[in-house]
Amino acid sequence: MTTSAIAQAPRLEILLRKDLDTIPQLQKLSADQRIDMRAVSAVLPFRVNRYVVDELIDWDRIPDDPIYQLTFPQPGMLADADLAHMRDLVVRNVPKAELEAAARQIQLGMNPHPAGQMELNVPHLDDGTPLQGMQHKYRETTLFFPGSGQTCHTYCTYCFRWAQFVGIDELKFANNQATGLADYLRNHKEVNSVLFTGGDPMVMKTSVLRRYIEPLLAPDLDHVNSIRIGTKAPAYWPFRFTSDADADDLLRLFEEVRASGRHLAVMAHYSHPHELEPDAAQLAVRRMTSAGAVVRCQAPLIRHVNDSADAWRRLWRRQVLLGAVPYYMFVERDTGPKGYFEVPLARAFEIFTDAYRSVSGLARTVRGPSMSATPGKVLVDGITDVRGEKVFVLKMLQGRDPEWVNQIFFAKYDPKATWLDDLQPAFGESEFFFDTTIAKMKQEHLLPEWGTETHIKKSVTDSGFVDWE
Ligand SMILES: *Cc1c(COP(=O)(O)O)cnc(C)c1O
């Protein structure tokens with residue numbers, strides 16, 4: 001990206017499934033490959049912008065190019081039979097309703113709601129009203145999903161919130177009430193961090209984002225000492241921070257948060273070092289940090305995209321060079337096209353360790369590989385032998401019960417396991433230390449009620465639909 005291109009303030013141009021034929025670079029594909037793409041994108045969300053297509057993908061390297069794998073539908077994302085069925089419908093050019101009905105059948109078979117997100121984490125008012133658009137799983141941090149931030153500048157092919165974008169969840173998380181959040185926080189002094197997430201909150205105009213953030217700067221909310229914004233915009237649309245019409249206003253909003261005495265963290269989702277190559281991407285980081293934001297970086301480890309120590313080494317080095325802070329390496333969640341993207345935990349640990357060993361302590365602020373699972377965030381902290389038994393050393397970084405945090409536990413080594421559910425306790429034990437509590441929470445529909453003695457209470461909304469993993 002040249003400096004002049006930045007000066008010209010590029011306009012965000014979004015491309016959807018219906019625009020596939022207008023992407024000149026795709027003409028390189030065979031007719032068969034184009035049918036694959038139409039088949040897969042009928043089932044899984046597809047949305048890309050022209051900057052990603054023109055600046056981030058190396059079209060001489062497709063289909064192996066990591067950003068192409070990250071953003072364009074791949075045939076391996078569907079099971080063979082599903083792909084064949086969808087291809088047939090595409091070739092026969094069946095009516096839209098028929099295509100959508102077939103797609104929905106496949107979507108419902110892809111674990112659309114992982115990790116008990118729907119029912120286990122949604123907080124309630126005292127009268128039992130669920131607060132849609134919020135999650136409060138860990139005591140210190142409330143997640144907020146602003147209603148107008150529920151899309152992205154480009155979709156990631158492995159997105160764990162994919163169900164929202166194909167309409168299964170009907171924006172179940174979205175919240176349009178800026179004041180509801182402040183009211184909730186007024187009654188929850190245990191919360192010290194609010195995390196805006198999505199979709200991508202940075203798709204919102206600054207004026208809209210301001211309506212959500214400014215009420216949190218009130219003096220009676222001084223227990224909320226950090227505000228975080230989870231976003232992929234620094235990678236997919238860096239102009240949000242440089243040349244968009246309201247980019248400067250956004251930085252002023254960051255400065256306001258800082259001036260109120262609070263920490264402002266941009267939780268930037270960078271998947272691959274290529275995303276940080278363009279001048280615009282580097283300028284975006286410099287502008288955010290100049291406005292007093294701390295840019296913390298996190299991403300899942302994804303096969304075909306960043307499953308090499310070299311990719312992570314270069315990613316973390318570049319982040320540190322730009323003044324950003326490596327934060328989490330996640331394990332891909334057990335949803336959607338998981339089979340295509342998953343990396344076994346043992347391999348993930350090896351990639352992490354290789355990369356971690358080769359960077360300086362300044363980049364070792366990163367933690368991983370970490371699973372956001374039902375009991376909490378579980379770190380694969382080691383693989384070792386204990387008296388002849390090969391085990392995973394696991395550590396709870398965040399827990400549904402705060403007492404669990406920083407606890408070490410052990411699982412039998414299993415080279416094929418890709419998620420916590422695949423693991424068995426080591427040393428002949430019958431369960432993990434959290435299993436009884438989690439089972440009870442599931443059985444009795446217990447929800448966390450932070451700020452009380454027990455911080456757990458019986459669910460008042462017995463909706464019947466509880467999605468645990
Ligand atoms: C990761 C996560 C957080 C934030 O955890 P930190 O370790 O403080 O970054 C909060 N809520 C949920 C549900 C999360 O998954």
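A polar contact here means a pair of N or O atoms within 3.5 Å. The model behind these close-ups is a predicted one.

**View 1. Three side chains make polar contacts with the ligand.** With that cut-off in mind, look at Gln398: one of its polar side-chain atoms lies 3.0 Å from a ligand oxygen. Arg228 brings a side-chain N or O atom to 2.8 Å from an oxygen of the ligand. For Tyr327, the corresponding distance from a side-chain N or O atom to a ligand oxygen is 2.7 Å. On its own the ligand has 390 Å² of accessible area, and the protein covers 86% of that.

**View 2. The ligand sits in the largest pocket.** Strands S3 (134–138), S4 (141–144) and S9 (325–331) are the elements that each give two or more residues to the surrounding shell. S3 chips in the most, with three residues.

**View 3. Here's who surrounds the ligand.** The neighbours are Gln135, Lys137, Tyr138, Thr141, Leu143, Arg228, Tyr327, Tyr328, Lys377 and Gln398. Sorted by class, that shell comes out as four nonpolar, three polar and three charged residues.

**View 4. Gln69 is a buried residue in helix H4.** The helix in question runs over residues 66–71. Gln69 counts as buried because its relative accessibility is 5%, and the cut-off for buried is under 20%. Its side chain has a partner, too: a polar contact of 2.7 Å joins Gln69 to the side chain of Tyr340.

Note on methods:
Residues are numbered from 1 along each chain as its sequence is written. This is a predicted model: local features need pLDDT of at least 70, side-chain atom pairs count only at pLDDT 80 or more; totals for chains, interfaces and linings use all residues. Side-chain values use heavy atoms; hydrogens and water are left out. A residue is near a molecule or strand if one of its heavy atoms lies within 4 Å of it. A polar contact is a pair of N or O atoms within 3.5 Å; within protein, one must be able to donate a hydrogen and the other to accept it, and residues adjacent in sequence count only if both atoms are side-chain atoms. Accessible areas come from the Shrake-Rupley method with a 1.4 Å probe; for residues, only the protein chains shown count as cover. On a 1 Å grid over the protein atoms alone, a cavity is a set of points where a 1.4 Å probe fits but cannot get out, and a pocket is an open set with protein on both sides within 12 Å along at least five of seven lines; lining residues have an atom within 4 Å of a point. A molecule sits in a cavity or pocket if more than half of its atoms lie within 2 Å of its grid points. Helices (H or I, at least four residues) and strands (E, at least two) are DSSP runs, numbered from the N terminus. Ala, Val, Leu, Ile, Met, Phe, Trp, Tyr, Cys and Pro count as nonpolar, Asp, Glu, Lys and Arg as charged, and the others, Gly among them, as polar. Buried means under 20% relative accessible area, exposed over 50%, partly exposed in between (1.4 Å probe, protein chains only).
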